[in-house]
Amino acid sequence: MVKIARWNHDGGTHSGFVDGGNCYAMPDGRTVNHLLEAGLANTLELAAETLRRAAPITLQDVRLLAPLVPSTIRDFVAFEEHVEGVRKSIAGVAGVVAEWYEAPTFYFTNPHTVTGTGEVIGIPAGCSDLDFETEVAAVVGHVPGSDGRNLSAAEAHRHIFGYTILNDWSARDLQRREMKVSLGPCKGKDFANTLGPWIVTADEFEHLHDDKGFLPISMAVEVNGERIGQDLLSNMGWPFAELVAYASQDSVVRPGDVLGSGTCGSGCLAELWGRNGSMTPPPLKTGDVVRMTVEGIGTIENTVGGRREASTRVPARTRPRNRAVSAA
């Protein structure tokens with residue numbers, strides 16, 4: 001199994017491979033993003049060479065970082081069960097809109113606020129209803145001869161370099177207000193995303209795909225050691241290859257792009273709030289520990305920090321609807 005990671009050690013940031021409880025740094029200052037540009041085949045060759053030549057450093061002696069610096073992050077909403085529950089929680093309406101079934105839907109989130117496993121996630125200003133979202137993300141890599149545009153599902157499958165875990169942290173009270181404007185989410189989402197603990201290369205999953213292209217691997221989340229939810233990645237409405245292909249239509253996917261699956265069934269608190277008709281389990285609070293585990297990838301764990309006390313809303317000014325400048 002090839003695991004690609006970034007870590008801090010002895011005051012420096014390193015990129016390389018994890019194997020058998022040890023980290024092996026790549027030479028010449030090469031980064032994970034260089035590997036994505038090189039493509040999967042070249043990466044597998046470099047991994048074998050690095051494991052032979054590099055001095056091992058134990059995982060216990062490093063601090064893992066997010067495994068890449070994303071170019072973009074598209075986050076889909078691909079699990080029907082999640083849509084049912086969270087729509088009830090956020091919009092107060094039952095069921096799934098017909099448009100969800102017609103095509104995948106995603107939003108772009110902030111690549112500059114990505115965090116790694118082990119980091120403390122502060123509660124954003126104005127938020128009382130902090131939540132998590134349990135997801136798997138596909139990472140795009142280079143494919144020789146492809147420009148990443150208008151891909152078929154078969155072509156898109158080749159662009160999937162590997163998979164990592166994604167926690168799409170969510171300020172639900174901020175999100176509820178934003179979604180009423182029929183745009184967003186924005187500040188309800190862009191304060192933090194966690195990726196990690198590493199990227200597992202796509203070749204490790206090839207034998208697991210079913211005949212429709214889905215991956216039946218388990219996803220689970222715990223808060224303070226208590227199981228909150230569990231699902232299979234194969235319960236997505238579309239396999240990852242179709243999500244990548246859809247993202248590329250009349251557009252482009254490039255090495256370093258991250259595409260989230262969306263939250264799995266029972267993979268967040270808001271979905272359970274919608275189903276339970278009350279905010280049980282309660283929103284996250286300072287000191288809570290959120291732990292996500294995905295079969296074949298690993299585990300990420302983060303502690304909730306303190307709330308930033310600030311007023312960030314800027315009310316609109318009601319303006320006249322003049323069509324010309326008034327004469328002096």
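How many aromatic pairs does the structure hold? Six, in what is a predicted model. I will take two of them, both built on Tyr163, and then turn to the core.

The first pair joins Tyr163 to Phe205. Their geometry is edge-to-face, with 5.2 Å centre to centre and 75 degrees between the planes. Tyr163 sits in strand β12, residues 160–168, while Phe205 sits in the loop between β14 (193–201) and β15 (218–223), so this pair ties together parts that are 42 residues apart in sequence. Tyr163 counts as buried, at 2% relative accessibility. Phe205 is buried too, with a relative accessible area of 2%.

The second pair joins Tyr163 to Phe240. Here the ring centres are 5.7 Å apart and the planes stand at 55 degrees, so the pair is tilted. Phe240 belongs to helix α7 and Tyr163 to strand β12, so parts 77 residues apart in sequence are tied together. At 4% relative accessibility, Phe240 is also buried.

Now the core. Which residues touch the most other members of the largest nonpolar core? They are Phe132, Tyr163, Leu233, Phe240 and Leu284, out of 66 residues. Helix α7, residues 240–248, supplies the largest share of this core, with five residues. Another core, of 20 residues, lies apart from it; Val2, Met26, Ala47 and Ile73 are among its members.

Back to Tyr163. Beyond its neighbours within four places in sequence, Tyr163 has contacts that include Val136, Trp198, His209, Leu215 and Ile297, as well as its two ring partners, Phe205 and Phe240.

One last item on aromatics: Phe76, Phe106 and Phe108 form one cluster.

Notes: Residues numbered from 1 in each chain as written. Predicted model: local features only at pLDDT ≥ 70, side-chain atom pairs only at ≥ 80, totals over all residues. Heavy atoms only, no water. Core = buried A, V, L, I, M, F, W, Y, C linked by side-chain atoms within 4.5 Å. Buried < 20%, exposed > 50% of the residue type's maximum accessible area, 1.4 Å probe, protein only. Helix = DSSP H or I, 4+ residues; strand = E, 2+ residues; numbered from the N terminus. Contact = heavy atoms within 4.5 Å. Phe/Tyr/Trp six-rings, centres within 6.5 Å; stacked < 30°, edge-to-face > 60°.
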